[in-house]
Amino acid sequence: MTATIELPTCADCHRVHWPAMTHCPHCLGGDVRIEPHSATGTVLATTELHHTLDAAFRGRLPWAVALVRLDSGVSVLVDKVGPAHARESRIDVQGVDHRPGRSAAATDR
Ligand SMILES: [Zn+2]
């Protein structure tokens, strides 16, 4: 079975968007629902953070993160990435945090 992830989906135009918004950024429809989509995507870029101005993230340093384009078309910031998550590699994202400014968690495919 293919892994899935829950993402905001417009009931009017059926397009997915991220981050979560109360209205669809494509058609401005107000009927946005959280629906399952493929959790698989492609790593677009990776980096390792060594400094932060936010005390909440200091415990994570150095913090490896990646920008991943999910097969549904949206891009998410993913943490818990390792050396296997090179650019262009395929990855399964485990979940997203729908709170503003939060990211997703990932694992090897
Ligand atoms: Zn829409």
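**Exercise 1. Determine which side chains of S5 are buried and which are not.**

Solution. Along S5, side chains alternate between two faces. Val76 and Val78 point to one face and are buried. Ser75, Leu77 and Asp79 point to the other face and are not buried. Here a residue is buried if 20 or more other C-beta atoms lie within 10 Å of its own, exposed if 12 or fewer, and partly exposed in between, with C-beta atoms placed from the backbone. Strands (E, at least two residues) and helices (H or I, at least four) are DSSP runs, numbered from the N terminus.

The model is predicted: local features need pLDDT of at least 70, side-chain atom pairs count only at pLDDT 80 or more, and totals for chains, interfaces and linings use all residues. Residues are numbered from 1 along each chain as its sequence is written.

**Exercise 2. Describe how S4 and S5 are joined.**

Solution. Start with direction: S4 and S5 run antiparallel, with 5 bridges between them. Two strands pair if DSSP finds at least two bridges between them. Next, take one position: Val65 stands opposite Asp79 in S5. Finally, inspect the turn. The hairpin has 4 residues between the strands, and Gly73 takes a positive phi near 110°.

**Exercise 3. Locate the largest nonpolar core and its sources.**

Solution. A nonpolar core is a set of buried Ala, Val, Leu, Ile, Met, Phe, Trp, Tyr and Cys residues joined through C-beta atoms within 7 Å. The largest one has 14 residues. Ile5, Ala66, Val68, Val76, Val78 and Val93 have the most contacts inside it. Strands S1 (4–10), S4 (63–70), S5 (75–79) and S6 (90–96) each supply at least two residues of this core. S4 gives the largest share, 4 residues.

Now follow Ile5. Leaving aside neighbours within four places in sequence, Ile5 is in contact with His37, Ala39, Val93, Gly95 and Val96. Contact means C-beta atoms, placed from the backbone, within 7 Å.

**Exercise 4. Is Leu61 buried or exposed, and why?**

Solution. First, place the residue: Leu61 is in the loop between strand S3 (40–49) and S4. Then count. Leu61 counts as exposed because it has 11 C-beta neighbours inside 10 Å. Beyond its neighbours within four places in sequence, Leu61 is in contact with Leu49, His50 and Thr52. The C-alpha atoms of Leu61 and Leu49 are separated by 6.6 Å, with the two residues 12 apart along the chain.

**Exercise 5. Summarise the chain and the confidence in it.**

Solution. The chain has 0 helices and 7 strands. Buried residues make up 20% of its 109 residues. Mean pLDDT, the predictor's confidence in each residue from 0 to 100, is 85 for the chain, and 87% of residues reach 70 or more. Among the elements, strand S2 (residues 32–38) has the highest mean, 94, and strand S7 (residues 104–108) the lowest, 56.

Note on methods. Two residues are in contact if their C-beta atoms, placed from the backbone, lie within 7 Å.
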